[in-house]
Amino acid sequence: MGQNHFTVSFPLKAPADAKALAEQLPPMMPALFQAADTIGTIHSSRFTILSEKTLLFLGDFDGDFTQLMTDLAKHAGQVFDAIYQHVENPPATPVADNANAFVEWTADHLIHPLNLYTAYPDVTVKEIKALAAAADVSGGGEQLPFLVILPTKSRLAFIETQLLLRARGRGLTKDLDTVGTPHFAQFVPLEDNQIGFFTVYDGSFDKYIADFTKNIGQVFDLLFKFTKNAPPSPCRKHLQEFIDFAAGASRVPIGFYQAYPGLSVQDIHALIADSKAQSASAR
């Protein structure tokens, strides 16, 4: 069914709950990672505290959202039980015994992205792992998450930004392909007239931003017309200011899961190309 993205928003009861989750979630991440490995369809995932009133859970996965949430209820229910102690109007718990309620709740709190990017749209987690194992390739790279929040100037600016991003869908894909280091990327509309830009990329941060501004800076130049306290434009001529802005506007990830952590985008492209070449020569 192809690759998909999810951003699920958890409305928190009070600011104290945001602080509590920031402390309680990290020790629970090994259990979530084990569950993700068992499920076998999640490319990457992470939590982040968006604000004092919202926790986000986002990720990139293969197949159907309903099936993924059903699998998470079964294999990681205890993680979400702990989260729901801090959430307004949670579903019935324990989650593992109430999978249908969990699926319905997460579907109701799912935020649909304005556009999606994947560097290798036609392969699944299992296929990537199988190709790497067959070639005895583990990779020496490092994948990193980037969670940038862009506050727009007004409700009208928020709407105009969404229209702009939807209109540039195919162009964004081409631009991100040119960058060569993002695995996944999406723009997501958020509370309080904000836009989230969420990516998983191959490090380092400064090189990523430099390549990014060179190849997709013009998109951010347009977005910054609608953004509060934006850095100067064009981005490519004000690289350090853009780096400083991005660092200041980013959120800290909690529990960054990677299904194939050592593999870079270029590693995966090479594995796919080798597999196709072998298949062609075998005919």
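So, what kinds of residues line the largest cavity: nonpolar, polar or charged? Seven of the lining residues are nonpolar, four are polar, and no charged ones turn up. Quick reminder before I go on: this is a predicted model, so read everything I say with that in mind.

Where does that lining come from? The residues are Asn115, Leu116, Tyr117, Gly169, Leu172, Thr173, Leu176, Ala185, Gln186, Phe187 and Phe197. Three elements each give at least two of them: β4, which is 115–118, α6, which is 169–179, and β6, which is 182–190. And which one gives the largest share? That's α6, with four residues. The volume of the largest cavity is about 60 Å³.

How do you find these things at all? You roll a probe the size of a water molecule over the atoms, and that shows where empty space is left. Searching the whole structure for cavities of 30 Å³ or more gives two.

So let's look at the other one. The second largest cavity holds about 40 Å³ of space. Its lining is Phe146, Val148, Leu150, Phe197, Phe212, Phe220, Phe224, Phe242, Phe245 and Ala246. Here the split is 10 nonpolar, no polar and no charged. The elements that each supply at least two lining residues are β5 (143–151), α7 (205–223) and α8 (239–249). Keep an eye on Phe197: you'll find it in the lining of the largest cavity and again in the lining of the second largest.

Okay, now the sheet that goes with these cavities. It's an open sheet of four strands, in the order β4-β6-β7-β5, with antiparallel pairing. β4 and β5 sit at the edges, each pairing on one side only. From one strand to the next, the twist averages 15 degrees. Inside that sheet, β6 and β7, residues 194–202, run antiparallel and are joined by eight bridges. And here's Phe197 once more: in β7, it's the bridge partner of Phe187.

Helices lie over this sheet, too. α6 lies across β4 and β6 and runs at about 30 degrees to β4. α7 lies across β5, β6 and β7, and its angle to β7 is about 145 degrees.

Let's move to another sheet. This one is also open, with four strands in the order β1-β3-β2-β8, and the pairing is antiparallel. Which strands are at the edges? β1 and β8, with β8 being 253–258; each of them pairs on one side only. Neighbouring strands here are turned by 10 degrees against each other on average, if you ignore direction. Helix α2, residues 65–84, packs on this sheet and touches β1, β2 and β3. The direction of α2 makes about 30 degrees with that of β1.

Let's walk through the pairs. β1 and β3 run antiparallel, joined by nine bridges, and Val8 has Phe57 as its bridge partner in β3. β2 and β3 pair over eight bridges, again antiparallel, with Arg46 partnered by Leu58 in β3. Those two strands are also linked by a hairpin, through two residues. Then β2, residues 42–51, connects to β8 by four bridges, and there Thr48 has Pro253 as its partner in β8.

Now zoom in on β3. How many of its nine residues are buried? Nine of the nine, so β3 is largely enclosed by the rest of the structure. In a regular strand, side chains alternate between the two faces of the sheet. For β3, one side has Thr54, Leu56, Leu58, Asp60 and Asp62, the other has Leu55, Phe57, Gly59 and Phe61, and all of them are buried. That's what covered on both faces looks like.

Two single residues before I stop. Ser9 is in strand β1, residues 3–11. Is Ser9 buried or exposed? Its relative accessible area is 16%, and the cut-off for buried is under 20%, so Ser9 is buried. Leaving out neighbours within four places in sequence, Ser9 is in contact with Thr54, Leu55, Leu56, Trp105, His109 and Ile111.

Asp17 is in helix α1, residues 15–39. At 13% relative accessibility, Asp17 counts as buried too. Not counting residues up to four places away in sequence, Asp17 touches Leu12 and His86. How far is Asp17 from Ala130 in space? They're 41 Å apart, C-alpha to C-alpha, and 113 residues apart in sequence.

How values were computed: Residues are numbered from 1 along each chain as its sequence is written. This is a predicted model: local features need pLDDT of at least 70, side-chain atom pairs count only at pLDDT 80 or more; totals for chains, interfaces and linings use all residues. Side-chain values use heavy atoms; hydrogens and water are left out. On a 1 Å grid over the protein atoms alone, a cavity is a set of points where a 1.4 Å probe fits but cannot get out, and a pocket is an open set with protein on both sides within 12 Å along at least five of seven lines; lining residues have an atom within 4 Å of a point. Grid points are joined across faces, edges and corners, and a volume is the space filled by probe spheres set on the points. Ala, Val, Leu, Ile, Met, Phe, Trp, Tyr, Cys and Pro count as nonpolar, Asp, Glu, Lys and Arg as charged, and the others, Gly among them, as polar. Buried means under 20% relative accessible area, exposed over 50%, partly exposed in between (1.4 Å probe, protein chains only). Contact means heavy atoms within 4.5 Å. Two strands pair if DSSP finds at least two bridges between them. Axes are lines fitted to C-alpha atoms, for helices over the stretch in contact, and angles run from 0 to 180 degrees between N-to-C directions.
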